[in-house]
Amino acid sequence: MARLPEGIGKADLVVASHNRESIELALDLRRQSDKPIDKPDESIPDIGVGELTCAQLMGMADELSFDLVSKSDGQDIKVYKYAVWGTTQECVKYLVRRAEENKDAVSRTSENMAACMKEIRRRMGFARA
C-alpha cells in the first residue's frame, strides 16, 4: 500500500477514473488518514487525504459508483457522474476515445449487472440496507 509523506497536511483528492485499482488506492489513502500509524492511542490529524471525490462518465463503471456510495458510510467521499455535452459529432468522438481507454469495461459486464441487480433489490426493499 502506498503511504502519504508526513508533514504535508491533509489534501482533498479527486479521482476521475473508471479503473477499480486506482479507486481502491484512493480509498486506502483515505482510510490511512483516519488510522494512527505508530501510536495506537493517538490519531494523526492533518496528514493524508481529507475529502475524497470520485467521478466517472455516466454509463461507465456504474458498479464502482454504487460501491463507493455504499462504502462512504459517513466518510468524506463524494461520487459524481458526468454527462457528455456538445454536438453529436463532438460527443461521439469523445465517447469513442473513452471507450478505447476503458476496454477493460467489457470484462466488468457481469460485475456491473450483479451490482445493478443488487441496487434494484435494495431500492425495492428486498435487501437489507
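Biologist: Which residues form a nonpolar patch on the surface?

Modeller: Keep in mind that this is a predicted model. The patch has about 570 Å² of accessible area when its members are taken together. Those members are M113, M117, I120, M124 and F126.

Biologist: Is I120 buried, partly exposed or exposed?

Modeller: First, place it: I120 sits in helix α4, which covers residues 109–124. Buried means under 20% relative accessible area and exposed means over 50%. I120 has a value of 39%, so it falls in between and counts as partly exposed.

Biologist: How many residues of strand β2 are buried?

Modeller: Strand β2 takes in residues 48–57, ten in number. The strand is mostly covered. Its buried residues number nine.

Biologist: Which strands does β2 pair with, and in which sense?

Modeller: On one hand there's β1, residues 10–16, joined to β2 over six bridges; V15 stands opposite C54 there. On the other there's β3, residues 77–82, also with six bridges to β2, and here L57 stands opposite Y82. So the partners are β1 and β3, and the sense is parallel.

Biologist: In what order do the elements of the protein chain run?

Modeller: There are four helices and three strands to place. Reading from the N terminus, the order is β-α-β-α-β-α-α.

Biologist: What share of the contacts with a separation of 6 or more joins residues 24 or more positions apart?

Modeller: A contact here means heavy atoms within 4.5 Å. Among contacts in the protein chain with a separation of 6 or more, the share from residues 24 or more positions apart is 72%.

Conventions
Residues numbered from 1 in each chain as written. Predicted model: local features only at pLDDT ≥ 70, side-chain atom pairs only at ≥ 80, totals over all residues. Heavy atoms only, no water. Helix = DSSP H or I, 4+ residues; strand = E, 2+ residues; numbered from the N terminus. Patch = residues over 30% accessible without salt bridge, like charges linked within 9 Å, V, L, I, M, F, W, Y side chains within 5 Å. Areas by Shrake-Rupley, 256 points an atom, 1.4 Å probe, with all protein chains shown as cover. Salt bridge = Lys/Arg side-chain N within 4 Å of Asp/Glu carboxyl O. Buried < 20%, exposed > 50% of the residue type's maximum accessible area, 1.4 Å probe, protein only. Pairing = 2+ DSSP bridges.
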